[in-house]
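Visitor: I would like to learn how to read a structural model feature by feature, with the general idea given before the particular case.

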Amino acid sequence: MAKNSCPIIVSLVEILLFTIISNAASSTDVISTICPKTSNPPFCSNLLKSSGITNIKGLAVYTLNLTHTNAQKSLTLANSLAKTTANPQLKQRYSSCAESYDEVVGDIENAQKNLAIGDFNAVNIVTSGAMTEIDDCQDKFVQPPKDTSLLLKNGKTLNDICSIILVVSNLL
């Protein structure tokens with residue numbers, strides 16, 4: 001019996017190694033397909049590698065969830081800044097950004113619903129809408145007074161994630 005079990009164990013190890021190597025290659029293939037088409041390829045590559053997800057639909061779910069979480073945080077930050085800022089110009093800009101981020105949260109929730117029903121074109125459309133809302137907020141700070149919070153950095157990151165969603169939704 002010991003003689004027969006050795007080839008079986010070797011075969012199982014070979015299958016396990018093949019599976020691990022295939023998954024690693026699959027992950028690299030997916031990332032190399034998606035990331036060059038995004039607004040920030042190095043960010044995309046780091047984000048998708050860290051997710052550990054190797055299939056397109058899983059990456060769509062992951063990036064939409066990440067976008068939703070970060071959009072909610074940006075909405076909370078914009079509301080907080082609007083309430084606590086003494087400068088009337090900044091107060092108005094933060095209030096406007098809060099409205100924009102409220103729209104972003106809604107857009108991403110719609111994208112999540114559209115993904116769940118397989119309407120990938122709608123995912124693309126509402127994600128583009130979210131990016132427009134983020135840009136609207138960013139544009140409010142082109143002129144002084146300067147924003148020193150993390151709101152603009154968060155917006156840039158959200159746009160980078162949204163660009164990944166656009167590419168992924170076109171591959172579904």
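Guide: What follows goes from the overall fold to the disulfides, the nonpolar core and a few polar side chains.

Guide: One caution belongs at the start, namely that this is a predicted model.

Visitor: Where should I begin, and how many helices and strands are there in the protein?

Guide: A reading can begin with the secondary structure elements and their order. Here there are six helices and zero strands, and from the N terminus on the elements run α-α-α-α-α-α.

Visitor: What share of the 172 residues counts as buried, and which contacts tell me about the chain as a whole?

Guide: Of the 172 residues of the protein, 39% count as buried. As for contacts with a separation of 6 or more, residues 24 or more positions apart account for 72% of them. The protein exposes about 9,500 Å², of which carbon and sulfur atoms supply 60%.

Visitor: How do I read the disulfides, and how many does a search of the whole structure find?

Guide: The general idea is that a disulfide is a covalent bond between the sulfur atoms of two cysteines. In this structure the search finds two disulfides, and with bonded cysteines counted along the chain they follow the pattern 1-2, 3-4. One of them joins C35 to C44, with an S to S distance of 2.1 Å, and with -70° about the S-S bond this link is left-handed. C35 has a relative accessible area of 3% and is therefore buried, and C44, at 0%, also counts as buried.

Visitor: And which cysteine forms a disulfide with C97?

Guide: C97 is bonded to C137, their sulfur atoms being 2.0 Å apart, and with 100° about the S-S bond the link is right-handed. This pair links distant parts of the chain, since C97 lies in helix α4 (residues 88–117) and C137 in helix α5 (residues 120–139), 40 residues apart. C97 is buried, with a relative accessible area of 0%, and C137 is buried at 0% as well. As a further cysteine to look at, C162 has a relative accessible area of 0% and is buried.

Visitor: How should I read the nonpolar core, and which residues have the most contacts inside it?

Guide: In soluble globular proteins, nonpolar side chains tend to be buried together. Here the largest nonpolar core has 41 residues, and those with the most contacts inside it are I34, L48, Y101 and L151. The elements that give two or more residues to this core are α1 (2–34), α2 (41–51), α3 (56–84), α4, α5 and α6, with the largest share, ten residues, coming from α4.

Visitor: Taking L151 as an example, what does L151 touch?

Guide: Leaving aside residues up to four places away in sequence, L151 touches S74, L77, A78, L81, Y94, C97, Y101, C137 and Q138. That list includes C97 and C137, the two cysteines that form a disulfide with each other.

Visitor: Now the charged side chains: how many salt bridges does a search of the whole structure find?

Guide: For a salt bridge one looks at the partners, their distance and their exposure. The search finds one salt bridge, in which K156 pairs with D160, the closest N and O atoms being 2.9 Å apart. The two residues are four apart in helix α6, so about one helical turn separates them.

Visitor: Are K156 and D160 buried or exposed?

Guide: Because buried means under 20% relative accessible area, and partly exposed means between that and 50%, K156, at 42%, counts as partly exposed, whereas D160, at 6%, counts as buried.

Visitor: Which other side chain makes a polar contact with D160?

Guide: A polar contact of 3.1 Å joins the side chains of D160 and N40. D160 is placed in helix α6 (residues 151–171), and apart from residues up to four places away in sequence, D160 touches S39, N40 and F43.

Visitor: Where is N124 found, and what does its side chain contact?

Guide: N124 is found in helix α5, and at 16% relative accessibility N124 counts as buried. The side chain of N124 makes a polar contact of 3.1 Å with the side chain of N170. Not counting residues up to four places away in sequence, N124 touches L166, S169 and N170.

How values were computed
Residues are numbered from 1 along each chain as its sequence is written. This is a predicted model: local features need pLDDT of at least 70, side-chain atom pairs count only at pLDDT 80 or more; totals for chains, interfaces and linings use all residues. Side-chain values use heavy atoms; hydrogens and water are left out. A polar contact is a pair of N or O atoms within 3.5 Å; within protein, one must be able to donate a hydrogen and the other to accept it, and residues adjacent in sequence count only if both atoms are side-chain atoms. Contact means heavy atoms within 4.5 Å. A salt bridge is a side-chain nitrogen of Lys or Arg within 4 Å of a carboxyl oxygen of Asp or Glu. Buried means under 20% relative accessible area, exposed over 50%, partly exposed in between (1.4 Å probe, protein chains only). A disulfide is a pair of cysteine sulfur atoms within 2.5 Å. A nonpolar core is a set of buried Ala, Val, Leu, Ile, Met, Phe, Trp, Tyr and Cys residues joined through side-chain atoms within 4.5 Å. Accessible areas come from the Shrake-Rupley method with a 1.4 Å probe; for residues, only the protein chains shown count as cover.
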